[in-house]
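Could you look through this model with me? My notes for a newcomer follow the display.

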Amino acid sequence: MPGANISPNQGKLLNILARACSSKNILEIGTLVGYSTIWLARALPEGGKLITIEYEKINYEIALENIRKANLEETITILHGKALDILPEIEKTQADPFDFIFIDADKPSYVDYLKWAIKLSRKGSLIVLDNVIRNARILDENSSVPKVIGVQRLNDYLKECQEVDFTILQMVGEKEYDGMAIGIRK
Ligand code: DHB
Ligand code: MG
């Protein structure tokens with residue numbers, strides 16, 4: 001999935017972060033075709049679980065196939081639909097808070113996704129959001145690009161957010177100069 005997949009080194013970073021906080025339950029918003037999903041699922045111990053949500057039907061179907069090929073069907077539950085509809089259902093059925101949450105879906109909803117991540121996590125959980133630099137396009141205060149505006153709103157929210165302590169790590173990726181926001185739930 002050129003252009004939107006995380007790169008292998010970013011996958012390994014997510015894997016290491018998930019292991020560093022001994023994640024047993026992981027939530028991912030935005031599966032794409034399952035590449036980051038598989039990196040994260042491989043960080044889990046025996047019996048660990050990962051729930052991932054994908055909106056695009058075609059991506060969902062390819063991800064299902066990739067998860068099957070990776071032999072991770074027991075570990076990964078992939079849900080097809082709009083995350084903002086599915087997250088309230090997860091809240092009702094999920095017994096334990098998520099130890100690690102990765103957000104890599106549509107950028108205009110990032111603040112809403114972060115609010116859900118806060119709701120579904122616990123003190124010490126890690127929350128990571130992809131694509132928060134976008135070749136520095138987020139510095140353009142006059143941007144009319146919804147993806148850019150979504151991340152700008154997220155940054156404004158992070159400044160005020162009392163529930164999570166965040167840093168932004170800038171990265172020279174495969175596609176462009178970008179970055180991830182990495183936060184620990186307080
Ligand atoms: C886009 C989305 C991503 O999650 C990403 O990593 C790169 C690009 C996009 O929608 O343009
Ligand atoms: Mg991304």
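The numbered points below deal with the ligand site, one residue of that site and one helix.

1. This is a predicted model, in which local features need pLDDT of at least 70 and side-chain atom pairs count only at pLDDT 80 or more, while totals for chains, interfaces and linings use all residues. Residues are numbered from 1 along each chain as its sequence is written, ligands are numbered from 1 in the order in which they are written, and side-chain values use heavy atoms, with hydrogens and water left out.

2. Around ligand 1 stand Gly-3, Ala-4, Asp-104, Lys-107, Asp-130, Asn-131, Arg-134, Lys-147 and Lys-175, each with a heavy atom within 4 Å of it. By class, this shell has six charged residues (Asp, Glu, Lys and Arg count as such), one nonpolar (Ala, Val, Leu, Ile, Met, Phe, Trp, Tyr, Cys and Pro) and two polar (the others, Gly among them).

3. Polar side-chain atoms of Asn-131 and of Lys-147 each lie 2.7 Å from an oxygen atom of ligand 1, and a backbone N or O atom of Ala-4 lies 3.0 Å from an oxygen atom of the ligand. The protein covers 79% of the 290 Å² of accessible area (Shrake-Rupley method, 1.4 Å probe) that ligand 1 has on its own.

4. Ala-4 belongs to the segment before helix H1 (8–20; helices are DSSP runs, H or I, of at least four residues). Its C-alpha atom is separated by 9.2 Å from that of Asp-104, 100 residues apart along the chain.

5. Why is helix H5 (residues 110–119) largely enclosed by the rest of the structure? Seven of its 10 residues are buried (under 20% relative accessible area, 1.4 Å probe, protein chains only), among them Tyr-110, Trp-116 and Ile-118.

Methods
Polar contact = N/O pair within 3.5 Å; in protein donor to acceptor, adjacent residues only side chain to side chain. Buried < 20%, exposed > 50% of the residue type's maximum accessible area, 1.4 Å probe, protein only. Helix = DSSP H or I, 4+ residues; strand = E, 2+ residues; numbered from the N terminus.
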